[in-house]
Every structure is written in C-alpha cells, then in structure tokens.
Amino acid sequence: MANNRDLWRLLRLFAPYRWWMLGGALLSLLTILANFGLMTLSGWFLASAALAGLGGWATLNQYNFFLPAAGVRAFATTRVLSRWLERIVTHEATFRLLSRLRVWFYTRIEPLAPAGLQGFRSGDLLSRLVADIDTLNNFYLRVFTPFLVAGLATLLMAGFFALYVWSIGLALFVLLALTGLLLPLLSERLGARSSAEITRIQAEMRTQIVDALQGMGEILTANAAGRVQEQLLQENAALLERQRRLAGVAGIGTAGMSFMANLTLWVILLLAIPLVARHSLPPAQLPMFALGTMAAFEAVLALPLAFQFLGQTRAAARRIFEIADQEPLFPDAPKPLPEPANFDIEIHDLHLRYPEAPEDALRSLDLQVRQGERIAILGATGAGKSSIANLLLRFYDYQAGSARLGGQELRDYPGDQLRQYFALLSQRSHLFHSTIRDNLLLAKGDAEEEELWAALRQAQLAEFVEGLPQGLDNIVGEGGVNLSGGQARRIAIARTVLKNSPILILDEPSEGLDALTEAKFLQDLRRLMQGRTVIYITHRLLGLEDMDRIYVMAEGRVQESGSYAELLARPDSLLHRFAQLGGTLIDS
Ligand SMILES: Nc1ncnc2c1ncn2[C@@H]1O[C@H](COP(=O)(O)OP(=O)(O)OP(=O)(O)O)[C@@H](O)[C@H]1O
C-alpha cells in the first residue's frame with residue numbers, strides 16, 4: 001500500500017538512531033518478560049510451598065526455599081529497573097528522532113522558498129512542521145516499539161510454556177497472536193477514518209487561527225469576528241465528534257482485550273486441569289500457567305491503540321512527504337563560479353513568468369547597469385519592477401533571454417553565491433522578534449560589537465539604541481512593533497551596511513513613511529549608496545535626480561530610458577506625463 005511505503009520511509013529516516021530505538025524496545029521487552037517471570041515463578045513457588053507444607057516436616061526440610069525466593073526478588077528488581085531505564089532510553093530516542101525530523105524537514109523546504117512554497121499557506125506549513133512531526137514521533141513510541149516487543153515477547157513466553165506442555169504453549173501463542181492482530185485490525189477499521197480526519201481538521205483549524213490572528217485588525221474592522229468564531233466553533237464540534245468516536249473505539253479495544261485475556265485463561269486451565277488430574281503435570285504448575293497467562297497479556301495491551309494511531313501517523317507522514325518531495329521549481333547551479341571580475345549587470349530580451357501565471361511578468365526586458373552606476377526603475381503598480389529584484393536574487397527563474405552578472409549567466413551561479421553580491425532593502429524588510437543585536441547579526445554572523453555600532457551610526461540609529469534600557473539587547477517585537485516605521489527601516493539599513501555587498505537593490509524603501517521622515521531617510525540612504533551599484537525601484541519621482549539613468553517600465557518591459565533631466569525635457573515621455581500628474585502615479 002502506498003501509505004505503508006510512507007511508514008517504511010519514516011523508519012529509514014530514523015536509521016541513524018536505530019540503536020537508541022532498539023535499546024528502548026529491548027528494555028521494554030525485558031520489563032514484560034520480568035513481569036512474566038515474576039508471575040510464573042511466584043505462582044509455582046507459592047503452590048509448591050503450600051504443597052510442601054501439607055507434606056509435613058520431612059518434605060518441608062527437603063524443600064529449597066532460598067533459590068525461588070531469590071528468583072522472585074531478582075525478577076521484581078529487574079522489572080523496576082528495566083521500566084525506569086526504558087522510560088529514559090525511549091524518551092531520549094524520541095527527542096533525538098524529533099529533532100532529526102524537524103531539521104530534515106526544514107532542510108527540505110528551505111531550497112523551495114520562496115517560489116516552491118508560494119502555494120502553501122503559512123499556517124499550513126507551521127502545522128506540518130510542528131504538529132505533524134509530533135504525530136510522526138508517536139510512530140516510534142506507540143506503533144513500532146509495541147509491535148516489535150509484542151512479537152518477540154509472544155514467541156518467548158509461548159516457547160517457555162511449550163517447554164513444559166507443548167499444547168499449552170501453542171494455545172498461548174495462537175490466542176496472543178489472534179488478540180494482537182485481530183483487535184488492532186478491528187480498531188483500525190473502526191478508527192482509521194476518524195483518526196485521519198482528526199489530523200486534517202486540526203491542521204485546518206491551526207491554519208485558520210494563524211490566518212485570523214495575522215488579520216485580526218481587518219477582521220475587527222469588518223465586524224467579521226462573529227463569523228470567524230462561528231466557523232471555528234463548527235470545526236471544533238466536528239473535531240470533538242471524531243474524538244468521541246475514537247474514544248468509543250478505544251473502549252471496544254479495552255473490553256476486547258479483557259475478554260481475550262479471560263478466554264485464554266479458561267482455555268489454558270481447560271488444557272492443564274485434566275493433565276494434573278492424570279498426574280502427568282505436577283499440581284504446582286497449574287498456578288504457574290494461570291498467573292503467567294495473565295501476565296502475558298501485557299505484551300499485547302498497547303496494540304489496539306497503536307493501530308488507532310496508525311491512521312493519524314499515515315496522514316501526517318503523507319502531509320510531510322508531500323512537501324518534502326517537491327522538487328525546487330528550478331535547479332540550483334552545483335558549484336560556485338570564480339569571483340566575477342566586475343559586477344556589471346546585463347539583461348537582454350528576457351522573459352520571466354511566475355509559476356502558473358497566465359502571462360509573463362517581464363517581457364523582452366533589456367537593461368544594463370555598469371558597476372558603480374545608480375539606476376532607477378520607475379513604473380506603476382504591477383509594471384514588473386519587483387520582478388527584476390526577484391530575477392536578480394534568483395528567487396524565480398527566467399524562461400528566455402539572458403541575464404548576466406560580471407559576464408556570467410545568473411543561472412550558472414549557485415543562489416547562495418549570487419545573493420552574497422546583493423543587498424535588498426525594501427518596505428517589507430523583515431525584523432525578527434528578537435534583539436536588535438540578533439537582527440543585525442543576521443547580515444554578518446561574526447560582526448564585532450564595534451562593527452554593529454558603526455553600522456548603527458551610519459544608519460543614524462546609534463543614539464536611539466544607546467538610549468534604550470538594554471541597548472543592543474532590546475527586543476524589537478514581532479515585525480519590529482516596538483519601533484517606529486522609520487527606526488525599523490534604519491535597522492534594515494544597518495543590516496545592509498554590515499552585509500557590505502557591491503550591489504544594492506532598494507525596492508520602494510521609503511514607502512509608508514510620513515513625508516518628513518521619508519525625506520530624511522532618503523537623505524541618509526545616499527551615504528549607503530556610496531561606492532555601490534544601486535538599483536532603485538520606485539513608483540514616485542522622489543530622489544531620481546541623483547540617478548545616472550532611469551528606466552521607465554510598463555507591462556513588464558522598459559518603455560523608455562535616459563537621465564532624469566533628459567526624460568523630463570521630452571514632452572512625449574512617460575516621465576514627463578508622470579511629472580505633470582504630480583509625480584504620484586504613473587499611467588501605463
Ligand atoms: N510571486 C508571484 N507569483 C505570481 N505572480 C506574481 C508574483 N509576483 C508578482 N506577480 C505578478 O507579476 C506582475 C508584476 O509584478 P511586480 O511585483 O513585479 O510589479 P511591481 O511593478 O513591483 O508592482 P508594485 O509597485 O505594486 O510592487 C504582476 O502582474 C503581479 O501580479
């Protein structure tokens with residue numbers, strides 16, 4: 001079955017921890033066998049002692065109490081110790097598996113970002129990364145170990161009985177195997193649907209909650225909180241219903257288990273009693289078989305639950321492998337190119353289409369930027385400006401034409417190498433919910449304290465940070481909520497200073513700031529531009545005078561290019577019309 005292939009694959013992923021896993025399973029086996037040994041020996045010992053007592057002083061003196069009593073003590077101590085060690089080892093194994101799975105999954109999805117993950121909602125990805133992986137983790141503790149241990153314990157315990165009376169050994173084997181297979185299969189049949197549905201509904205709810213929390217402002221403004229709540233309540237009711245069904249199935253499993261244990265006890269007594277009556281079995285062995293049988297059922301006790309988990313585990317494995325198996329939308333170059341001799345950018349007749357988009361976002365694009373030049377890309381919304389940044393940073397692949405950096409085609413550079421040469425500053429530059437220091441170190445992990453301060457000084461933020469109670473160790477809040485818009489952008493500038501790349505892409509960097517802050521911000525950006533190639537993406541005329549050349553874009557292609565003064569002087573130019581409209585909107 002395709003689904004079981006996922007489970008085998010999961011086991012293969014766990015291979016590096018097989019000794020931990022097997023160690024935990026063996027300790028679990030030892031615990032069960034110690035209990036079985038304790039019960040069989042006690043049964044036999046108590047009955048023998050009683051019979052010896054009945055036989056009078058002579059028999060009593062011949063009877064060796066010491067050895068069986070020591071055996072009982074040994075089994076009891078082993079059971080306590082092995083249970084304790086089993087918990088330690090299985091927990092250790094569980095945590096190791098968990099971290100391996102998380103890291104493995106993360107390394108699979110990282111190369112997919114952003115193009116390959118575009119179709120997934122962030123709540124969905126979060127749910128897969130956290131909850132599904134937790135569920136998969138159950139596989140070891142609740143499915144793999146119980147099955148392995150049940151199989152081995154059944155063989156050993158039935159084999160022990162068979163050493164005395166083969167028919168009793170056989171009966172125990174058959175009835176334990178039936179219980180261990182039939183009850184779990186029944187549980188699975190009854191519980192698989194609900195169990196898989198639970199995984200699905202929980203994932204759906206998590207996705208919706210993350211979405212709703214992110215958009216809480218809009219939901220409240222649109223007075224839609226009631227509707228969102230209603231939807232969540234409905235899903236919650238569906239979830240509870242499935243959980244109730246599953247609890248019912250668990251009840252059937254427990255009842256079935258008791259029934260089978262008692263039935264087996266009866267069968268074994270029915271086989272043993274006639275043997276005792278015929279004197280072919282010493283009477284003291286009767287309680288040994290009876291108590292041993294009751295202890296033997298510990299081996300299969302966890303199996304119905306294990307099969308119930310199988311449905312959830314399969315569903316979770318499917319969801320994890322579904323993403324992990326996605327091929328990146330385009331291959332990454334295998335090995336780094338030598339450092340380019342210069343950082344000239346040449347784009348010629350280039351077409352870029354986003355995955356599943358009906359038409360090209362960049363069409364027959366031509367654009368040149370010599371190292372050290374500053375160019376601006378101007379255009380209305382949707383003209384394709386940010387797509388140029390996506391192209392240069394290799395977030396998306398181009399289908400036709402050529403784009404070169406330092407004379408080498410972009411697709412011949414591994415993405416990581418290429419991105420070293422670029423710094424991107426945009427209105428969306430993300431601040432992580434951490435300290436200012438951590439947010440800066442993102443750009444240069446080994447930066448010294450003094451370098452951080454120098455970068456902050458250049459971003460005109462040093463004074464502000466000095467005034468904070470914890471200085472660099474102040475938390476910026478999620479997305480930088482503890483900072484003003486201007487301060488958050490300046491942290492992004494400081495990061496760019498630290499990265500110190502030869503090419504700077506500014507994608508509407510001052511968008512969303514008030515006019516005064518914006519003017520000051522653009523002023524400070526100038527210092528950042530010094531000595532670097534600059535690609536300044538904007539839909540407004542602000543700050544264009546300093547640029548060596550301006551490319552005006554519409555519908556994915558360059559419509560005109562030239563210096564600001566040249567284009568402004570041409571009455572038929574888009575830029576001219578743009579300026580006449582007040583410089584706030586361009587009509588493509
Ligand atoms: N990730 C994406 N997947 C699919 N289509 C996209 C994607 N990003 C952009 N597009 C589409 O490509 C076209 C160009 O978008 P782009 O973001 O480059 O425009 P822009 O000029 O930067 O606009 P704005 O000024 O609004 O940011 C648009 O039609 C847009 O819908």
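## Report on a two-domain predicted model

In helix H11, the buried residues are Lys385, Ser386, Ser387, Ile388, Asn390, Leu391 and Leu392. The structure described here is a predicted model. Helix H11 covers residues 385-392, and it is mostly covered, with 7 of its 8 residues buried. After H11 comes Arg394, whose phi is positive, near 60°.

**The ligand shell**

Which helix gives the largest share of the shell around the ligand? That share, 3 residues, comes from helix H11. The ligand is surrounded by 13 residues, and the closest of them are Tyr354, Ala361, Thr381, Ser386 and Ser387. Two residues of this closest group, Ser386 and Ser387, also appear among the buried residues of H11. By type, the shell consists of 8 polar residues, 4 nonpolar residues and 1 charged residue.

**Domains and annotated regions**

The domain assignment divides the protein into domain 1, residues 2-324, and domain 2, residues 345-580. The C-alpha centres of domain 1 and domain 2 lie 56 Å apart. For residues 345-580, an unreviewed UniProt entry places the feature "domain: ABC transporter". The unreviewed entry also lists residues 139-158, 164-186, 249-277 and 289-310 under "transmembrane region".

The table gives the make-up of three annotated spans.

| Span | Helix | Strand | Distance between end C-alpha atoms |
|---|---|---|---|
| Residues 164-186 | 96% helix | 0% strand | 33 Å |
| Residues 249-277 | 100% helix | 0% strand | 42 Å |
| Residues 345-580 | 33% helix | 25% strand | 32 Å |

Two of these spans, residues 164-186 and 249-277, are listed as transmembrane regions in the UniProt entry. Residues 249-277 are 100% helix, and residues 164-186 are 96% helix. Residues 345-580, by contrast, hold 33% helix together with 25% strand.

**Strand S8 and its partners**

Strands of a sheet pair through backbone hydrogen bonds, in either a parallel or an antiparallel sense. Strand S8, residues 533-538, offers an example of parallel pairing with strand S3 and with strand S7.

Is strand S8 mostly covered or mostly open? It is mostly covered, since 6 of its 6 residues are buried. The burial extends to both faces of S8: Thr533, Ile535 and Ile537 are buried on one side, and Val534, Tyr536 and Thr538 are buried on the other.

Strand S3, residues 374-379, pairs with S8 in the parallel sense over 5 bridges. Within this pairing, Ile377 has Ile537 of S8 as its bridge partner. Strand S7, residues 503-507, also runs parallel to S8 and is joined to it by 5 bridges. Here Ile505 has Ile535 of S8 as its bridge partner. Both S8 partners named in these bridges, Ile537 and Ile535, belong to one side of the strand.

The connection between S7 and S8 includes helix H17, residues 515-529, and the three elements make a right-handed β-α-β unit.

**The antiparallel sheet**

A further arrangement is an open sheet of 4 strands, in the order S2-S1-S4-S5, with antiparallel pairing. Which strands lie at the edges of this sheet? The edge strands are S2, residues 362-369, and S5, residues 408-409, each of which pairs on one side only. Strand S4, residues 400-405, pairs with S5 in the antiparallel sense over 2 bridges. In this region, Leu405 stands opposite Gln408 of S5.

Note on methods: Residues numbered from 1 in each chain as written. Predicted model: local features only at pLDDT ≥ 70, side-chain atom pairs only at ≥ 80, totals over all residues. UniProt positions renumbered as here; feature names shortened; annotations may be inferred. Domains from an automatic or database assignment. Near = placed C-beta within 6 Å. Nonpolar A, V, L, I, M, F, W, Y, C, P; charged D, E, K, R; others polar. Buried ≥ 20, exposed ≤ 12 C-beta atoms within 10 Å, placed from the backbone. Pairing = 2+ DSSP bridges. Right-handed = clockwise from strand over helix to strand, strands pointing away.
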